[in-house]
Amino acid sequence: MRLKFALLSLLFSTAVFAQKPEAFDVGEWFKFRIHYGLVNAGYAELELKEANRSGKKVFYAVGHGYTVGMSRFFFKVDDYYQSQFDKETTKPYQYLRKIDEGGYTKDQEGFFNQEKNTVLVKDYKHKTEKTFNVTENVQDIVSSFYYLRNHPNIDKLKVGESIMIDMFFDDEIYKFKLKYVGKEKLRTKFGKVNTMIFKPIVQSGRVFKEEESLTVWVSDDENKVPLRIKADLAVGSLKADLEAFKGLKNPFMVISK
């Protein structure tokens, strides 16, 4: 059953778009409704705040994914993610990953040293500490979300072209690849919105049918708001739709109701 709710963990890493943060700012908040067929499985929320690190103001992102109703009764999910990252470069300073997915738990915190290109991972569940070497522009799972929304090439991609970044996840560097597949006018609860469509390349196997089983629709405006994520699983499909939002930095462009 845990495989059916993989999107709760993937949500914070697969929406799309780092140099100068023009797509977002402090106060931005998203709420996504996650559904498996007709079943309302849960919600995921992501808020961008501000923190102070040694007298320097940084972005502080807080995410929470959770199941509701009967889904929670059969399979309880409570996932917490946090990330502190630089306001200019989007490079991460610190992350927190505390998850409980049907009894499968993790409780970790990572501290990046950008000068030495290392990350110290403290595992509170197993009471261990380990330092890993990382690449210069590595992102954590949450900072990747913001980095990609502002990627300088995001509006220059041609159909079939991709963006690739290094993401530190589960104690290793993951080559995260995002493929652009086209545009579409998407009907949402807010009205019709012009969108860009991307396919994050995932590993096929027990969870996903194919490498391109994950599809992301992002608003084709300056915000690059993730509006829908669809995952074709080994059994059925899982969707996450934007349910509510506030605090966008730029106007949200709805072409018709």
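**Salt bridges, hairpins and a small set of surface features**

D155 is exposed in this predicted model, with a relative accessible area of 54%, because a residue counts as exposed when that value is over 50%. The partner of D155 gives a useful contrast. D155 forms a salt bridge with K224, and the closest N and O atoms of the two residues are 3.1 Å apart. The bridge links distant parts of the chain, as the two residues are 69 residues apart. K224 sits in the loop between β12 (214-219) and β13 (226-232), while D155 sits in the loop between α3 (143-149) and β9. In contrast to D155, K224 is buried, because its relative accessible area is 4% and the cut-off for buried is under 20%. One partner of this salt bridge is therefore exposed and the other buried.

A look at the whole chain helps to place this pair. The chain has three helices and 14 strands. It contains 257 residues, of which 51% count as buried. The chain exposes about 12,400 Å², and carbon and sulfur atoms supply 49% of that area.

How many salt bridges does the structure hold? The total is twelve. Such contacts make sense in simple terms, because side chains of opposite charge can pair when their charged atoms come close. One of these bridges is formed by D166 and K175, with the closest N and O atoms 2.7 Å apart. D166 is buried, since its relative accessible area is 15%. Another salt bridge brings together the side chains of D220 and K183, with an N to O distance of 3.1 Å. This pair, too, links distant parts of the chain: D220 lies in the loop between β12 and β13, K183 lies in strand β10, and the two are 37 residues apart. D220 counts as partly exposed because its relative accessibility is 28%, whereas K183 counts as exposed because its relative accessibility is 57%. Elsewhere, R33, K189 and E243 are joined into one network by salt bridges that share partners.

Strand β10 also deserves a closer look for its pairing with other strands. β10 covers residues 172-188 and runs antiparallel to strand β9 (residues 162-169), with eight bridges joining the two. Within this pairing, I165 has F176 of β10 as its bridge partner, and S162 has K179 of β10. β10 is also joined to strand β11 (residues 191-200) by ten bridges, again in an antiparallel arrangement. K179 takes part here as well, with K199 in β11 as its bridge partner. Following K179 thus gives a path through the three strands: S162 is the partner of K179, and K179 in turn is the partner of K199.

The connections between these strands can be described too. β9 and β10 form a hairpin with two residues between them, and a hairpin through two residues likewise joins β10 to β11. In the turn between β9 and β10, D170 has a positive phi of about 55°. D171, placed in the loop between β9 and β10, has a positive phi of about 65° although it is not a glycine. These angles are worth pausing on, because most residues other than glycine have a negative phi. D171 counts as partly exposed, since its relative accessibility is 32%. A further example comes from K127, which is not a glycine and yet has a positive phi of about 55°. K127 lies in the loop between β7 (118-123) and β8 (128-133), and K127 is exposed because its relative accessible area is 74%.

Where does the model show a nonpolar surface patch? M70, F73 and F74 make such a patch, which has an area of about 430 Å². F73 is located in helix α2 (residues 69-74). The relative accessibility of F73 is 64%, so F73 counts as exposed.

Finally, the inside of the model contains some empty space. The largest cavity has a volume of about 80 Å³. Of the 13 residues that line this cavity, Y95, R97, I141, F168 and F169 are the closest to its centre. At least two lining residues come from each of β4 (77-85), β5 (92-101) and β9. Which strand supplies the largest share of the lining? That strand is β5, with three residues. Strand β9 thus appears twice in this description, in the lining of the largest cavity and in the hairpin with β10.

Methods:
Residues numbered from 1 in each chain as written. Predicted model: local features only at pLDDT ≥ 70, side-chain atom pairs only at ≥ 80, totals over all residues. Heavy atoms only, no water. Patch = residues over 30% accessible without salt bridge, like charges linked within 9 Å, V, L, I, M, F, W, Y side chains within 5 Å. Areas by Shrake-Rupley, 256 points an atom, 1.4 Å probe, with all protein chains shown as cover. Salt bridge = Lys/Arg side-chain N within 4 Å of Asp/Glu carboxyl O. Helix = DSSP H or I, 4+ residues; strand = E, 2+ residues; numbered from the N terminus. Buried < 20%, exposed > 50% of the residue type's maximum accessible area, 1.4 Å probe, protein only. Pairing = 2+ DSSP bridges. 1 Å grid on protein atoms, 1.4 Å probe; cavity = no way out; pocket = protein on both sides within 12 Å on 5 of 7 lines; lining within 4 Å. Points joined across faces, edges and corners; volume = space filled by probe spheres on them.
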